[in-house]
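I set out to record, entry by entry, what I looked up in this model. The entries below follow the order in which I consulted it.

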Amino acid sequence: IFYKFSKILINTTLIFFTLGIILNLLEEINFFKDLNVHFLMPLALSFLKVPSEIYNIFPFIFLIFSIFLFLSLIQSEEVNVIKVIGISNLRIIMFPTIVSLIFGLFITLGLNTITSKLTHKYLDIKNNFTEKNDFLAALTENGIWIKDVFNKKKNIIRAARLKNNLLEEITIYQFNSNDENIFRIEAKNANISKKEWKLNEVKIYSQNENDKPDTFEKYYFFSNFDVNNLKTLFSDLESISFWEMKKMKENYINLGYSTKALDSKFQKSLSYPFFLMSMTLLAGVVVMNIRFKGNYIGYIVLSVFLSVIIFYLSDFSRALGETEKISLIMSVWTPVITVFIFSSIGMIYINEK
């Protein structure tokens, strides 16, 4: 069973990986069609991006390959042979289910580290071809750093933290098109609710640092960013692995940035092995109860139907969590628990056979 499990999992994953490469390659080719790059660049970026997409659809993959695993055991009459030596239907299902949990732990704790690094590299390379890298932001232990090009002037902005609509302890370095320093602005904070920033308690230093700075109680500064689109730059957590979440959360807290999205990702990572496990359990319950020996088309339709329902339940639960209708932990774990409950009911019928 373990050999069949591993073989079908690898084959199914390779099929989806190949499809992902083909589809993403078309997207990358369309992106680079007007740029002078090597013809291998779209292919290389596809290989960097697709592993992360495979990670996200592993529940669907586990459901499909588990259905085919149990189906192959039934069609080859191996189930009857196994039962003759005294192994029950319950144990036949539980062994692949436990193996799924082990694979899920490996995927979450090991494979996710690789996919996150590949995604980080993908974003880093892609950024070099996106609007000439004019807009860039980073969240580090030293604060929030923003690169912003506005009216042909380059602004390097550093702030200690983001609190509500305010960037606190802000410094702005402005350079001309030749990268020559124009001036430096220091302010207690900046209201960035609009792209016209309102700076408070401002000092402006000219090129000559020895000159006395100009001081203003209020000062207006124009940028491509406001609080909403600035936050979206920190919302893509695909490049953060499970092991990096704790450190990233500390950075978010120190900078006064909301940890809600990071907490959701952490809970999702904790539940991920059990989610994969539940997919195998559900597949076993469905196939062992139906025991249909016809062609595979019916099972493919069934797996797609179940996947749509499960992913709809997951999205609905996550929406409730994001709108704070239910707790964040409950929104992540509810789909997993629901599948386990449904499967447990089916296990009762199987065990009676």
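The entries go from the whole chain to the helices, then to the strands and to two single residues.

**Entry 1. Whole chain**

I note at the outset that the model is predicted. I looked up the secondary structure of the chain and found 10 helices and 8 strands. I then checked burial: of the 353 residues, 42% count as buried. I also looked up the range of the contacts. Among contacts with a separation of 6 or more, 61% are between residues 24 or more positions apart.

**Entry 2. Nonpolar cores**

I asked which residues have the most contacts inside the largest nonpolar core. They are Phe58 and Phe62, in a core of 45 residues. I listed the elements that give two or more residues to this core: helix H1 (2-31), helix H2 (41-56), H3, helix H4 (78-84), helix H5 (89-127), H8, helix H9 (297-322) and helix H10 (328-352). H3 gives the most, with 14 residues. A second, separate core has 20 residues, among them Ile146, Ala159, Ile192 and Val227. I add one general remark: in soluble globular proteins, nonpolar side chains tend to be buried together.

I then took phenylalanine 58 by itself. Leaving aside residues up to four places away in sequence, phenylalanine 58 touches Thr13, Ile107, Leu111, Tyr272 and Leu276.

**Entry 3. H3 against H8**

I looked up how helix H3 (residues 58-75) lies relative to helix H8 (residues 260-290). Their axes come within 8 Å and cross at roughly 35 degrees. The crossing of H3 with H8 is right-handed. On the H3 side, the contact includes Phe58, Phe62, Phe70 and Ile74. On the H8 side, the contact includes Tyr272, Phe275, Leu276 and Met279. I sorted the residues of this contact by kind and obtained 16 nonpolar, 3 polar and no charged.

**Entry 4. Isoleucine 57**

I looked next at isoleucine 57, which is found in the loop between H2 and H3. Is isoleucine 57 buried or exposed? Neither label applies: its relative accessibility is 29%, so isoleucine 57 counts as partly exposed. For its position in space, I looked up a C-alpha separation. The C-alpha atoms of isoleucine 57 and phenylalanine 16 are separated by 9.3 Å, and the two residues are 41 residues apart along the chain.

**Entry 5. Strands S2 to S5**

I followed the strand pairings in turn. Strand S2 (residues 143-150) and strand S3 (residues 153-159) run antiparallel and are joined by 7 bridges. One of the bridges has lysine 147 with isoleucine 156 in S3 as its partner. S2 and S3 form a hairpin with 2 residues between them, and asparagine 151 in the turn has a positive phi of about 55 degrees.

S3 also pairs with S5, in the antiparallel sense, over 5 bridges. Here the partner of lysine 154 is phenylalanine 175 in S5. Strand S4 (residues 161-163) is joined to S5 by 3 bridges, again with the strands antiparallel. Lysine 163 has leucine 166 in S5 as its bridge partner. In the hairpin of S4 and S5, with 2 residues between the strands, asparagine 164 takes a positive phi near 55 degrees.

**Entry 6. S5 and threonine 171**

I checked how far S5 is covered, and 7 of its 10 residues are buried. I chose threonine 171, which lies in strand S5 (residues 166-175). Why does threonine 171 count as buried? The reason is its relative accessibility of 12%, as the cut-off for buried is under 20%. Not counting residues up to four places away in sequence, threonine 171 touches Ile156, Ile157, Arg158, Arg184, Ile185 and Glu186.

**Entry 7. Strands S5 to S8**

S5 and S6 pair in the antiparallel sense over 9 bridges. Glutamate 168 has asparagine 189 in S6 as its bridge partner. The hairpin of S5 and S6 has 5 residues between the strands, and aspartate 179 in the turn has a positive phi of about 60 degrees.

Strand S6 (residues 181-191) pairs in turn with strand S7 (residues 196-205), antiparallel, over 7 bridges. Isoleucine 185 is matched there with isoleucine 204 in S7. A hairpin of 4 residues joins S6 to S7. Finally, S7 and strand S8 (residues 214-222) run antiparallel and are joined by 8 bridges. I closed the entry with lysine 198, which stands opposite tyrosine 220 in S8.

Methods
Residues numbered from 1 in each chain as written. Predicted model: local features only at pLDDT ≥ 70, side-chain atom pairs only at ≥ 80, totals over all residues. Heavy atoms only, no water. Axes fitted to C-alpha atoms, helices over the stretch in contact; angles between N-to-C directions. Left-handed = near helix turned anticlockwise from the far one by under 90°. Contact = heavy atoms within 4.5 Å. Nonpolar A, V, L, I, M, F, W, Y, C, P; charged D, E, K, R; others polar. Core = buried A, V, L, I, M, F, W, Y, C linked by side-chain atoms within 4.5 Å. Buried < 20%, exposed > 50% of the residue type's maximum accessible area, 1.4 Å probe, protein only. Pairing = 2+ DSSP bridges.
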